[in-house]
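Here's a quick tour of a protein chain for anyone who likes to go from the overall picture down to single residues. Have the viewer open while you read.

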Amino acid sequence: MAQIQALDHSLPTEVDMQVADTLRKVLASQLERGEGAGATVQFTSEEGHPGEVVLSPQLARKFLDILRLISSGKGFHVVPFTAELTTQQAADMLNVSRPFLIGLLDKKAIPHHMAGRHRRIRAEDLFSYIQEREQSCDSALTDLIKTDFDEGLI
């Protein structure tokens, strides 16, 4: 399994934000034009030869997500599904303390395994936990709204 390096907490520069915003607008306009079509990125190689790459719609949308983060001044980190995370990396991704994460691991809320004396969490398992937690919160909120509506509070 892939290991990831420590999460980089650097933020984009003002120039990075401006370039990302321009590229985001160009890419978004290309995606809006065609139904099911991707986007074409033209470039010039180091040797001065022109070229182009056609992005599939799915890849173009993922790229747009990254460009939105950069253009708004937010940092990001790409984590492969196959990566193995340390407890600190996983806690950082959940925005919780490491001891809180250890409690989740001990309760078996998130699968993990031992690498020597150290716990390791598969990124895929962490992403599944995040998705389940979000679905649970959405469901609870929907139930609360329905209850308020049924009781005439809304």
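Two residues are in contact here when they have heavy atoms within 4.5 Å of each other. With that in hand, take Asp125: setting aside neighbours within four places in sequence, Asp125 is in contact with Ile110 and Pro111. Asp125 belongs to helix α5, which covers residues 123–150. Buried or exposed, then, for Asp125? Buried, because its relative accessibility is 17% and the cut-off for buried is under 20%. Keep in mind that this is a predicted model.

**The whole chain**

Zooming out, the protein chain holds five helices and six strands. Reading from the N terminus, the order is β-α-β-β-α-β-α-α-β-β-α. How does the radius of gyration of the protein chain compare with that of a compact globule of 154 residues? The chain comes out at 21 Å, while such a globule would be near 15 Å. Along the principal axes, the C-alpha atoms fill a box of roughly 55 × 55 × 30 Å.

As for burial, 24% of the 154 residues count as buried. The exposed surface of the chain is about 11000 Å², with carbon and sulfur atoms supplying 55% of it. On the contact side, take the pairs with a separation of 6 or more: residues 24 or more positions apart account for 56% of those contacts. For the electrostatics-minded, there are 16 positive and 22 negative side chains, and the centres of the two sets lie 6 Å apart.

**The β2/β3 hairpin**

Strand β2 (residues 39–44) and strand β3 (residues 50–55) run antiparallel, joined by six bridges. You can pick out two of the pairings by eye: Gln42 has Glu52 as its bridge partner in β3, and Thr40 has Val54. As a rule, side chains in a regular strand alternate between the two faces of the sheet. Five residues sit between the strands of this hairpin, and Gly48 takes a positive phi near 90 degrees there.

**Around helix α3**

Helix α3 spans residues 87–94, and Thr87 is part of it. Thr87 counts as buried because its relative accessibility is just 8%, against a cut-off of under 20%. What does Thr87 touch, not counting residues up to four places away in sequence? The list is Arg98, Leu101, Ile102, Leu105, Arg119 and Ile121. Ser56 is another story: Thr87 and Ser56 are 31 residues apart in sequence, and their C-alpha atoms are 35 Å apart in space.

**Two positive phi values outside glycine**

If you're scanning the backbone torsions, Asn95 and Lys108 are worth a look. Asn95 isn't a glycine, yet has a positive phi of about 60 degrees. Lys108, also a residue other than glycine, has a positive phi near 65 degrees. Asn95 lies in the loop between α3 and α4, the latter being 98–106. The loop that holds Lys108 runs between α4 and β5 (113–115). Asn95 counts as exposed because its relative accessible area is 71%, and exposed means over 50%. Lys108 is exposed too, at 70% relative accessibility.

Here are the accessibilities of the residues discussed above, side by side.

| Residue | Relative accessibility | Status |
|---|---|---|
| Thr87 | 8% | buried |
| Asp125 | 17% | buried |
| Lys108 | 70% | exposed |
| Asn95 | 71% | exposed |

Definitions and conventions. Residues numbered from 1 in each chain as written. Predicted model: local features only at pLDDT ≥ 70, side-chain atom pairs only at ≥ 80, totals over all residues. Heavy atoms only, no water. Helix = DSSP H or I, 4+ residues; strand = E, 2+ residues; numbered from the N terminus. Rg over C-alpha atoms; globule rule 2.2 N^0.38 Å. Buried < 20%, exposed > 50% of the residue type's maximum accessible area, 1.4 Å probe, protein only. Areas by Shrake-Rupley, 256 points an atom, 1.4 Å probe, with all protein chains shown as cover. Lys, Arg positive; Asp, Glu negative; His and termini not counted. Charge placed at Lys NZ, Arg CZ, Asp CG, Glu CD. Pairing = 2+ DSSP bridges.
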